[in-house]
Amino acid sequence: MSPDPALLEAARTGEPETFREAVRTWIRANVPAAWLDAALANDMARLHAVRSPDDYRRWYPTFARSGLVGPAWPVEYGGLGASPQLVGVAAQETRKARLTTLNIVGVALAAPTLLQWGTPEQCARLLPPIAETREVWCQLFSEPGAGSDLAGLATRATPDGDGWKINGQKVWSSFAHEATYGILLARTDPSVPKHRGITAFALRMDQPGVTVRPLRKISGDAEFNEVFLNDAHVPDCDRIGDVGRGWDVARTVLAHERAMLSGTGSALRDRTSGSSIDRLIELAKRGPRGQRLIDDPVQADRLAQLYIESNVVRLTNERARLSGSNGAPGAMIKVMSSEHNQRLQVAMVDFLGARALAHAEDDGEATRIIFGFLRSRGDTIGGGTSEVQRNNVAEHSLGLPKDPFSDKDIPWIDIRRGP
C-alpha cells in the first residue's frame with residue numbers, strides 16, 4: 001500500500017505549513033463535498049444527515065491509502081514517516097474535517113506495538129489491513145481475576161506443534177465481536193514470578209475455540225465483550241516479542257492506550273467520548289424565549305471553567321505529543337482528561353434541560369448527548385482506573401515508594417487465589 005505521493009513529498013520536507021497545505025489539498029480533493037462542508041461548518045446534524053456510518057466505512061479505504069491514518073508509520077508499511085510535529089498537523093486537519101479513525105485498537109494500540117516489538121514480516125503483513133480496516137483488532141488483556149493486577153492473569157499458552165495452544169477467559173474486550181485479531185497476553189511459564197512468565201501474541205479471532213459474548217453497557221451498546229478460549233491456536237510466527245517478554249509488550253500497549261484515551265494519540269479526538277466544549281458553548285448560546293444559559297452568571301462561570309480545562313488538556317496533550325517521552329506523564333494526562341470529560345458531559349446534559357428528560361426518539365441531538373454522558377462514566381475505568389493511574393503518577397513522577405506487593409517475587413503457581 002503506497003501512500004499519496006504529494007503527502008509523502010510534503011512530509012519529507014519536514015515543514016509544518018507545507019505539510020498542512022498538502023493535507024488540506026488532499027482532503028478537498030478526496031472527501032465528498034457535502035461531508036466536508038458540514039464538517040467545516042461544525043454542523044453535526046447536517047453531517048449525520050449526509051454521511052451515514054456505512055457511507056463512511058465504504059469511503060474509509062481511500063483515507064487509509066493516503067497515509068494519513070498512520071502518518072508516523074514507515075512508508076513501507078503505508079505511512080508517511082512523519083515527525084511528531086507533522087503527526088500533530090495531520091491530526092488537526094483531519095479532526096476539522098471530522099475524519100475519525102476506525103479500527104481504533106488496531107491503529108492506536110496494535111500498530112505502534114508491532115512497530116516496536118514485531119518483526120518486519122509481521123509489520124508488512126499486519127499493518128496495511130489495520131489501516132484499511134480489513135482486519136479489526138481488539139485487546140485480550142483483562143480477566144475476571146486479573147483486572148488492575150493484570151500480571152496475575154491465568155490464561156495459559158502451552159507449546160503445540162508449530163505454535164501455541166491457548167486456554168482461558170478474557171473480559172472487557174472492546175470490539176472483540178467484530179475483530180479479526182486480538183492482542184493476547186497469556187502465561188507461558190507459571191513457575192516464575194508473575195511478571196516474568198507472560199508472552200504476547202496476535203490471536204486470530206475467527207477460529208474454532210474462540211467464543212465471544214457481548215456485554216451490554218449502561219449506554220445501551222455492546223462494545224465490550226467477554227472472550228472464552230478453548231484450545232485456540234496461535235502459530236509461533238504470530239508471537240509478538242520474545243517468550244517471557246509479554247509484560248514489556250503489555251506496558252507498551254498500555255502506554256499507547258493511555259495516550260489514546262487522553263487525546264495525546266493522533267488516532268483519537270480531543271476527548272474520550274461525548275460532545276466537545278464547542279458543542280457546549282453552542283448549546284449555552286441557545287435557549288427558549290431568549291433565556292440563554294450563557295447569560296446566567298453562574299452557568300457562564302461553569303462554562304468558562306470547562307473551557308479553561310479543555311484548553312489545558314488540549315495544550316498538555318500537544319506538548320506530550322511533541323515531546324514524546326519527555327512530555328507530561330501519560331498517567332497524569334489520563335486522569336486529568338477523563339475526569340474533565342465527565343464534567344463536560346454532565347454539563348451537556350444539564351444545559352440540555354428538559355429535553356434530556358423527555359429524550360424523544362426523533363431528537364437526534366438529545367440522543368447523542370445522553371449517549372455521550374452515559375459513555376463517559378467509563379472514562380475513569382478504561383485503560384487503567386484513575387486509582388491505578390494516580391499510583392503511577394506517585395511512583396514514577398513524584399518518586400514516592402511503591403505499594404508493597406507480597407506476591408511480587410513468588411512463582412505464579414504458588415500464589416494463593418480464591419476466597
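Helices (H or I, at least four residues) and strands (E, at least two) are DSSP runs, numbered from the N terminus. This is a predicted model, in which local features need pLDDT of at least 70 and side-chain atom pairs count only at pLDDT 80 or more, while totals for chains, interfaces and linings use all residues. Residues are numbered from 1 along each chain as its sequence is written, and side-chain values use heavy atoms, with hydrogens and water left out.

**Exercise 1. Place A38 in the structure and decide whether A38 is buried or exposed.**

Solution.
- Step 1: Find the element. A38 belongs to helix α3.
- Step 2: Recall the scale. Buried means under 20% relative accessible area, exposed means over 50%, and partly exposed lies in between (1.4 Å probe, protein chains only).
- Step 3: Apply the scale. The relative accessible area of A38 is 0%, so A38 is buried.
- Step 4: Look for neighbours, where contact means heavy atoms within 4.5 Å. Leaving aside residues up to four places away in sequence, A38 touches D43, R46 and L47.
- Step 5: Compare sequence with space. A38 and W59 are 21 residues apart in sequence, and their C-alpha atoms are 17 Å apart.

**Exercise 2. Do the same for S148: in which loop is S148 found, and which residues does S148 touch?**

Solution.
- Step 1: S148 is in the loop between β1 (137-140) and β2 (156-160).
- Step 2: With a relative accessible area of 60%, S148 is exposed.
- Step 3: Not counting residues up to four places away in sequence, S148 touches T385 and V388.
- Step 4: From S148 to V312 there are 164 residues in sequence and 28 Å in space, C-alpha to C-alpha.

**Exercise 3. Work out how many disulfides a search of the whole structure finds, and why the sulfur of C237 has no bond to that of C123.**

Solution.
- Step 1: Start with the chemistry. A disulfide is a covalent bond between the sulfur atoms of two cysteines.
- Step 2: Set the cut-off. Here a disulfide is a pair of cysteine sulfur atoms within 2.5 Å.
- Step 3: Search. Zero disulfides turn up in the whole structure. C123 is in none, and the nearest cysteine sulfur, that of C237, is 13 Å away.
- Step 4: Explain. The closest cysteine sulfur to that of C237 is in C123, and because the two are 13 Å apart, they are too far for a bond.
- Step 5: Add the surroundings. C123 has 3% relative accessibility and counts as buried, whereas C237, at 45%, counts as partly exposed.

**Exercise 4. Classify the aromatic pair of W35 and Y56, then the pair of W172 and F224.**

Solution.
- Step 1: Learn the rule. Rings of Phe, Tyr and Trp (its six-membered ring) pair if their centres lie within 6.5 Å; planes under 30 degrees apart count as stacked, over 60 as edge-to-face and the rest as tilted.
- Step 2: Count. By this rule there are eleven aromatic pairs.
- Step 3: Take W35 and Y56. Their centres are 6.3 Å apart with 55° between the planes, a tilted pair. This pair links distant parts of the chain, 21 residues apart: W35 is in helix α3 (residues 33-40) and Y56 in helix α5 (residues 53-66).
- Step 4: Check accessibility. W35 is buried at 8%, and Y56 is buried at 4%.
- Step 5: Take W172 and F224. Their ring centres are 5.9 Å apart and their planes lie at 70°, so this pair is edge-to-face. W172 lies in the loop between β3 (163-170) and β4 (181-187) and F224 in strand β7 (residues 224-235), so the pair ties together parts 52 residues apart in sequence.
- Step 6: Check accessibility again. W172, at 53%, counts as exposed, and F224, at 21%, as partly exposed.
- Step 7: Widen the view. Ring pairs join W26, W35, Y56, W59, Y60 and F63 into a cluster.

**Exercise 5. Find the rings over which the charged end of R51 sits.**

Solution.
- Step 1: Use the test. A charge sits over a ring if NZ of Lys or CZ of Arg is within 6 Å of the ring centre and within 35 degrees of the ring normal.
- Step 2: The charged end of R51 sits over the ring of W35, 5.7 Å from its centre.
- Step 3: The charged end of R51 also sits over the ring of Y56, 4.3 Å from its centre.
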